[in-house]
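User: Hey, got a minute to walk me through this model?
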Amino acid sequence: MVSGSASSEAQPAGELARSTPSTRPRKAKRTPGELVFDIFVYSALILFTFICLFPFLNTLANAFSSSTAIQTGKVLLWPVDFQVGSMKMILADSSVIRSLLVTVFLTVVGTTLNLLFTIITAYPLSRRDLKGRGIFMRFMVVTMLFSGGMIPLFLVVKSLHLLDTLWALIIPGLISAFNVIIMKSFFQTIPDELREASVMDGCGNMRYLIRIVLPLSGASLATIGLFYAVGHWNAYFGAVLYIDNPDLLTLQAKLRNILLLSQMDTSLEQMTMESKFTVIQESLKAAVIVVATVPILIVYPFLQKYFVKGSMLGSVKG
């Protein structure tokens, strides 16, 4: 009996492992209904993705296709008889380049000021020792639900002598209540112990904000900055409403004039054949749309990783 027990104890560990049943969870076999559901979901997602991408791909193809291909309706998702004449004509037009520079200036300066004023508004509201912060927040939320309207806003801009200046496109939308709430919620997630420790080390409020709070807020700042930048880049109604000087037109306003009024400061007047003029005009419209869209598409992938993260930070607490 003793020898039998000893032999069982001396059994190799590998054999014991092989003799014991596997404890790894087995994959549950998918039912036919689940497979059909997955096929339906993926098919719908592919279809919706194609619907979203088709207009841009078609515009891109028209911008680099020949006039004959566009006239005969051969252009769909890729260029036919590849040519860059329309793009060269767009880039050679001084008014389009000027509008592009105006839009870049508006986006950079406007986004910088938006972030600055959003930070200096959201940070005090996140401090629990600020008296009356609830009243300020209520007034700010009201602006998200109600607005003065287009005519009162125009009268305010006119009374401030901002008409026909780029400041008319920056100052009225300097602060977004929605973005302030996002930043305020994130600032409230920063532990109070950091501020207490910084105060004990002789750190003032501004130094604490610049040296400690802002470096911890990179994801939120990138997200808010992307909101503001896309808004400035795509804004055209403000330029149409407040700007009369053609030298101050934004790229989107210039694009609107080309699309709706079919006006462009190039050699289109030299085109004599009516059908050829129409085809070239369509190609030029597509080229302008590409020029107006590609820059913001290039910037977005670099900020995409911060987008969801920055939007959700502070969403639980606040």
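Analyst: Sure, here's a quick chat about the fold, one helix pair and one helix on its own. Keep in mind that this is a predicted model.

User: What's the secondary structure of the protein, in helices and strands?
Analyst: The protein has 15 helices and zero strands.

User: And how much of the protein is buried?
Analyst: Of the 318 residues, 32% are buried. The exposed surface comes to about 20300 Å², with 68% of that supplied by carbon and sulfur atoms.

User: What share of the contacts with a separation of 6 or more is between residues 24 or more positions apart?
Analyst: That share is 70%.

User: Switching to helix pairs: how do H6 and H7 cross?
Analyst: The axes of H6 (residues 94–126) and H7 (residues 133–145) come within 9 Å, and they cross at roughly 135°. That angle makes H6 oblique to H7. As for handedness, H6 passes H7 in a left-handed crossing.

User: Which residues make the contact?
Analyst: On H6, Thr121, Leu125 and Ser126 take part; H7 brings in Arg133, Phe136, Met137 and Met140.

User: How do the residues of that contact divide into nonpolar, polar and charged?
Analyst: Four are nonpolar, two are polar and one is charged in the contact of H6 with H7.

User: New topic: why is H9 described as largely enclosed by the rest of the structure?
Analyst: Because nine of the 11 residues in H9 (residues 177–187) are buried.

User: Which ones are buried in H9?
Analyst: The buried residues in H9 are Ala177, Asn179, Val180, Ile182, Met183, Lys184, Ser185, Phe186 and Phe187.

Note on methods: Residues numbered from 1 in each chain as written. Predicted model: local features only at pLDDT ≥ 70, side-chain atom pairs only at ≥ 80, totals over all residues. Heavy atoms only, no water. Axes fitted to C-alpha atoms, helices over the stretch in contact; angles between N-to-C directions. Helix = DSSP H or I, 4+ residues; strand = E, 2+ residues; numbered from the N terminus. Parallel < 35°, antiparallel > 145°, perpendicular 65-115°, else oblique. Left-handed = near helix turned anticlockwise from the far one by under 90°. Contact = heavy atoms within 4.5 Å. Nonpolar A, V, L, I, M, F, W, Y, C, P; charged D, E, K, R; others polar. Buried < 20%, exposed > 50% of the residue type's maximum accessible area, 1.4 Å probe, protein only. Areas by Shrake-Rupley, 256 points an atom, 1.4 Å probe, with all protein chains shown as cover.
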